[in-house]
Amino acid sequence: MYVVGLTGGIGSGKSAVSRQLETLGIQVIDADIVAREVVEPGEPALQRIAERFGNEVLTDDGQLDRRQLRAIVFADSKQRTWLEDLLHPLIRDRILQQLDAAQSAYTVLVSPLLLETDQHLLVNHTVVVDVEAAQQISRTASRDNSSEEQVRAILAAQMSREERLDRADSVVDNRGELAALAAQVSNLHQLLLTAAVRESESL
Ligand code: ADP
């Protein structure tokens, strides 16, 4: 099983790259979706969170109120650590199950926190999508209808562009048009197919 980690800052183009790889027949596991699944109603993690923080972190229909929870853990690093210690192993286990079930030539794990969590230990090859900060801000603000200040605050809390690039095995340069992105992803796909075959032959 050859696993490719795909990461990048907010608005760098991770989803755009993922969508293209899916059209090429590659299975993509999205860590953000998994992170939402582990706190759905009925999941033990949601129960533990409600026991610790009270019903104010639940909406009227019993869903996790992310905004409330975020406000609590942003203000208190001890609570944040507790929450991460609860969720990260659950997210990792579920990702592992999905990787196990995947059938494509290689599998992609797309995650904004690939390098910040131990998710990077699950991958054979790390792809970083890279853009200028100004592009991250303008593309995210127009995608999410959010203010530039909001996006700037998220950017400031994320790993620096330099550190991320330092840890990349491959870099996709998304500073240009979407057509230029597509050409790079198609080349990257060929490289990853070859790497996956080589890996399976060396076993
Ligand atoms: P991420 O998943 O990394 O947060 P997205 O793939 O959602 O980023 O890209 C952020 C926004 O920018 C989306 O609305 C996307 O359509 C747009 N976008 C991505 N790449 C380009 C590009 N090369 N040129 C113009 N817009 C782009």
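Which atom of the ligand lies 3.3 Å from a backbone N or O atom of Ser12? The partner of Ser12 is an oxygen atom of the ligand. In the same region, a backbone N or O atom of Gly11 is placed 2.9 Å from an oxygen atom of the ligand. The side chain of Arg139 has an N or O atom 3.4 Å from a nitrogen atom of the ligand. Taken alone, the ligand exposes 560 Å² (Shrake-Rupley method, 1.4 Å probe), and the protein buries 78% of that.

This is a predicted model, in which local features need pLDDT of at least 70 and side-chain atom pairs count only at pLDDT 80 or more, while totals for chains, interfaces and linings use all residues. Residues are numbered from 1 along each chain as its sequence is written, and side-chain values use heavy atoms, with hydrogens and water left out.

The shell around the ligand holds 13 residues, each with a heavy atom within 4 Å of the ligand. The closest are Lys14, Ser15, Arg143, Asn174 and Gly176. By class, two are nonpolar, seven polar and four charged, with Gly counted as polar. Helices H1 (14–23) and H6 (133–144) each supply at least two shell residues, and H1 gives the largest share, three; helices are DSSP runs of H or I with at least four residues.

Elsewhere, the largest nonpolar core has 27 residues; such a core joins buried residues (under 20% relative accessible area) through side-chain atoms within 4.5 Å. Among its members, Val39, Ile49, Leu69, Leu83, Leu87, Ile95 and Leu109 touch the most others. H5 contributes the largest share of this core, seven residues.

Methods:
A polar contact is a pair of N or O atoms within 3.5 Å; within protein, one must be able to donate a hydrogen and the other to accept it, and residues adjacent in sequence count only if both atoms are side-chain atoms. Buried means under 20% relative accessible area, exposed over 50%, partly exposed in between (1.4 Å probe, protein chains only).
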